[in-house]
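Colleague: Could you walk me through how the labels for this model get decided? I'd like to see the reasoning behind each one.

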Amino acid sequence: MRIPRHLAIIMDGNGRWAEQRGLPRIIGHQRGVETVQTIVEESCCLGIEYLTLYAFSSENWGRPRDEVNALMDLLGRYLKNELETMCRQGIRLNVIGENTRLPGGVRRILEDTIEETASNRRMVLTLALSYGARDEILRAAINLAGQVRDGRIALEEIDESAFGRRLDTGNLPDPDLLIRTSGEMRISNFLLWQLAYTELVFTDTLWPEFGTDQLHAALEEYGGRQRRFGLTPAQVEKKVRNSGEGRH
Ligand code: IPE
Ligand code: IPE
Ligand code: MG
């Protein structure tokens, strides 16, 4: 199986999973956390180096206050519970998004977890929290404009790499594969810059029901894709032959 170096997931469908069963939406989110545990562990075992999970969008702040509070509570508890497992599995925690909007308690647990997992090397787990790609791109643009104004960077020095480094994902490679669960076929303001050449896999499975079998199926689909980056199939085949490997 061809393993993506960086897998990103839009974890969607918790609410509908619960509603279909006549349960409160928050029960769906609780089940969603269990799926996160399964998928993080399996990704690590498969040798994925970077796993990025869309956990809470800038727009999700507009949900009913009870749901937002319950999600923040779940996040704090998840992080506390997982610290030991993350260290055992060699997982380093990373966060992208406008984190200053998160409640103080959650922010502190996040900072502690990031610090305590900083030397882990097997996989980088990035949580997108209070994340919106337009907001991220705007912050990077403002940062660059300020540096130009202050004479710290010349206009001519601004290229894709200089811009990319100023995004929240500055230290991450672009995702190779994006999976979105729950049948919705949209990006919902996730990684707009970084997904330029990412392979997209959509599945009808709701996030609480997404398991290792579904992950393997998505990876199979990814493995059957030819990534051309604007070139012709023949050019890509030649490149793969010359590099002597089928990966990436
Ligand atoms: C994804 O599930 C989790 C978050 C967005 C926080 P949803 O809560 O969006 O579930 P649906 O889409 O309403 O089913
Ligand atoms: C995207 O899901 C955000 C997360 C998975 C955290 P949403 O459920 O918020 O997206 P829309 O509203 O269906 O586009
Ligand atoms: Mg949704």
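Modeller: Sure, and keep in mind that this is a predicted model. Let's start with the classes: Ala, Val, Leu, Ile, Met, Phe, Trp, Tyr, Cys and Pro count as nonpolar, Asp, Glu, Lys and Arg as charged, and the others as polar.

Colleague: How does the lining of the largest pocket divide into those classes?

Modeller: Sorted that way, the lining has 16 nonpolar, 8 polar and 8 charged residues. The pocket itself has a volume of about 750 Å³. It is lined by 32 residues, and those closest to its centre are Met11, Tyr54, Ala55, Phe56 and Asn60.

Colleague: What makes you say where ligand 2 sits?

Modeller: The test is whether more than half of a molecule's atoms lie within 2 Å of the pocket's grid points. Ligand 2 is placed in the largest pocket, so it passes that test.

Colleague: Why is the pair between serine 188 and ligand 2 called a polar contact?

Modeller: The cut-off is 3.5 Å between N or O atoms. A polar side-chain atom of serine 188 is 2.6 Å from an oxygen atom of ligand 2, so the pair counts. For asparagine 60 the distance to a ligand oxygen is 2.9 Å, and for arginine 180 it is 3.4 Å, so those count too.

Colleague: How much of ligand 2 does the protein bury?

Modeller: Alone, ligand 2 exposes 390 Å², and the protein buries 78% of that.

Colleague: Which strand gives the most to the shell around ligand 2?

Modeller: That's strand 2 (residues 50-57), with 4 residues.

Notes:
Residues are numbered from 1 along each chain as its sequence is written. Chains are lettered from A and ligands numbered from 1 in the order in which they are written. This is a predicted model: local features need pLDDT of at least 70, side-chain atom pairs count only at pLDDT 80 or more; totals for chains, interfaces and linings use all residues. Side-chain values use heavy atoms; hydrogens and water are left out. A polar contact is a pair of N or O atoms within 3.5 Å; within protein, one must be able to donate a hydrogen and the other to accept it, and residues adjacent in sequence count only if both atoms are side-chain atoms. Accessible areas come from the Shrake-Rupley method with a 1.4 Å probe; for residues, only the protein chains shown count as cover. On a 1 Å grid over the protein atoms alone, a cavity is a set of points where a 1.4 Å probe fits but cannot get out, and a pocket is an open set with protein on both sides within 12 Å along at least five of seven lines; lining residues have an atom within 4 Å of a point. Helices (H or I, at least four residues) and strands (E, at least two) are DSSP runs, numbered from the N terminus. Grid points are joined across faces, edges and corners, and a volume is the space filled by probe spheres set on the points.
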